[in-house]
Amino acid sequence: MSTVREQAIAKLKTVLKTASVKTVVVANGPLDLTTYSASQLPLVEIIPGVETALYEVGRHAEWRFQLRSTVYFVESRSDEAQQEKLVGEQKNALGGNPTLDDIVEIVDIVNVTPGGSFPLYSVEFQLSCRYERHIANA
Amino acid sequence: MSVYYATKEQVAAKLFSIFQAVSQLKFVDRQYIEPGNYAYPGLFINDVREARDSRLKDVVLVTWSVLLVLYVYDDSATLSTTLNAEIKRLIDALKADVTLGGLTYNARVLQVDTDEGFLRPHGVALLTTELVLLSQS
């Protein structure tokens with residue numbers, strides 16, 4: 001049976017597959033983008049972070065995990081309208097489903113960081129998620 | 001979100017046509033051999049080096065350096081003025097469209113060296129030029 005975090009990541013894969021995104025992958029670390037073709041971009045990479053317990057009271061506990069979602073895109077010419085559209089799609093996808101269909105609560109988009117250089121650019125979203133966990137009887 | 005590729009040959013041909021269109025230039029050729037009975041001002045486009053960096057499986061960032069070797073002839077006291085004017089025309093021709101008609105991301109002259117009058121009545125200028133383009137392989 002998959003954990004809540006695994007369910008959340010699986011859901012996030014579909015949520016972040018917006019109209020412009022061609023590929024979504026889950027990875028444990030930075031991708032080797034040289035294994036991908038230009039036709040597979042824009043590409044979203046999801047890197048799950050560490051899961052930690054916030055508190056446990058009786059049979060009830062709240063857990064939190066961080067994750068990073070980075071959208072990579074390739075550009076021959078500067079096209080800010082296209083870039084803004086892509087970033088807007090990602091933000092709207094997250095903002096439009098902040099509970100990922102009641103699996104977790106996306107507490108915060110901690111940071112949005114643009115990066116990269118010609119011809120490969122990226123925008124990284126750092127997300128903080130939490131969920132309640134019911135502890136079964138011993 | 002689209003990628004425009006080019007080959008060095010396409011870029012070289014475009015450079016050639018851009019400099020041929022500089023009306024004051026009487027002679028343009030690829031690769032310097034030896035100055036002979038060429039018309040002045042004359043220009044050689046020399047391939048110097050190429051750096052390739054894979055960014056995606058089918059996207060290679062190519063930084064290509066070419067050396068533009070410019071010759072002028074002026075036996076008057078205005079040799080340096082003549083040389084400077086030709087240098088400026090070359091730089092302006094490049095700056096008019098740094099994408100060379102959509103082939104490159106950027107094209108710029110990095111450095112200009114001259115013979116400083118040692119070859120009078122010839123004047124020689126070396127324009128180190130960098131071209132950045134995307135290749136598929």
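These exercises walk through a predicted model, each with a worked solution.

Local features need pLDDT of at least 70, side-chain atom pairs count only at pLDDT 80 or more, and totals for chains, interfaces and linings use all residues. Residues are numbered from 1 along each chain as its sequence is written, while chains are lettered from A and ligands numbered from 1 in the order in which they are written.

**Exercise 1. Outline chain A.**

Start with the elements. Helices (H or I, at least four residues) and strands (E, at least two) are DSSP runs, numbered from the N terminus. Chain A has 2 helices and 5 strands. Their order along the sequence is α-β-β-β-α-β-β.

Next, take the extent. Along the principal axes, the C-alpha atoms of chain A fill a box of roughly 60 × 25 × 20 Å.

Then turn to burial. A residue is buried if 20 or more other C-beta atoms lie within 10 Å of its own, exposed if 12 or fewer, and partly exposed in between, with C-beta atoms placed from the backbone. Of the 138 residues in chain A, 24% are buried.

**Exercise 2. Find the buried side of helix α1 in chain A.**

First, check the helix span. Helix α1 covers residues 4-15, which is 12 residues. From first C-alpha to last, α1 reaches 16 Å, close to the 16 Å expected at 1.5 Å a residue. That expected span is 1.5 Å times one less than the number of residues.

Now list the buried residues of α1(A): A:Ala8, A:Ile9 and A:Leu12. They sit on the same side of α1(A), because they cover an arc of only 100° around the axis. The arc is that of the directions from the helix axis to the C-beta atoms.

Finally, name the partners. These buried residues pack against β1 (23-26), β2 (43-57) and β5 of chain A. Contact here requires C-beta atoms, placed from the backbone, within 7 Å.

**Exercise 3. Place A:Ser122 and decide whether it is buried or partly exposed.**

Locate the residue: A:Ser122 lies in strand β5 (residues 120-134) of chain A. Count its neighbours: A:Ser122 is partly exposed because it has 17 C-beta neighbours inside 10 Å.

List its contacts. Leaving out residues up to four places away in sequence, A:Ser122 touches A:Thr70, A:Val71, A:Tyr72, A:Gly115 and A:Gly116.

**Exercise 4. Describe the contact between chains A and B.**

Count both sides: chain B gives 13 residues and chain A gives 15 residues. On the side of chain B that touches chain A, β2 (42-56) and β3 (59-73) of chain B each give two or more residues. β2(B) gives the most, with 3 residues.

Definitions and conventions. Two residues are in contact if their C-beta atoms, placed from the backbone, lie within 7 Å.
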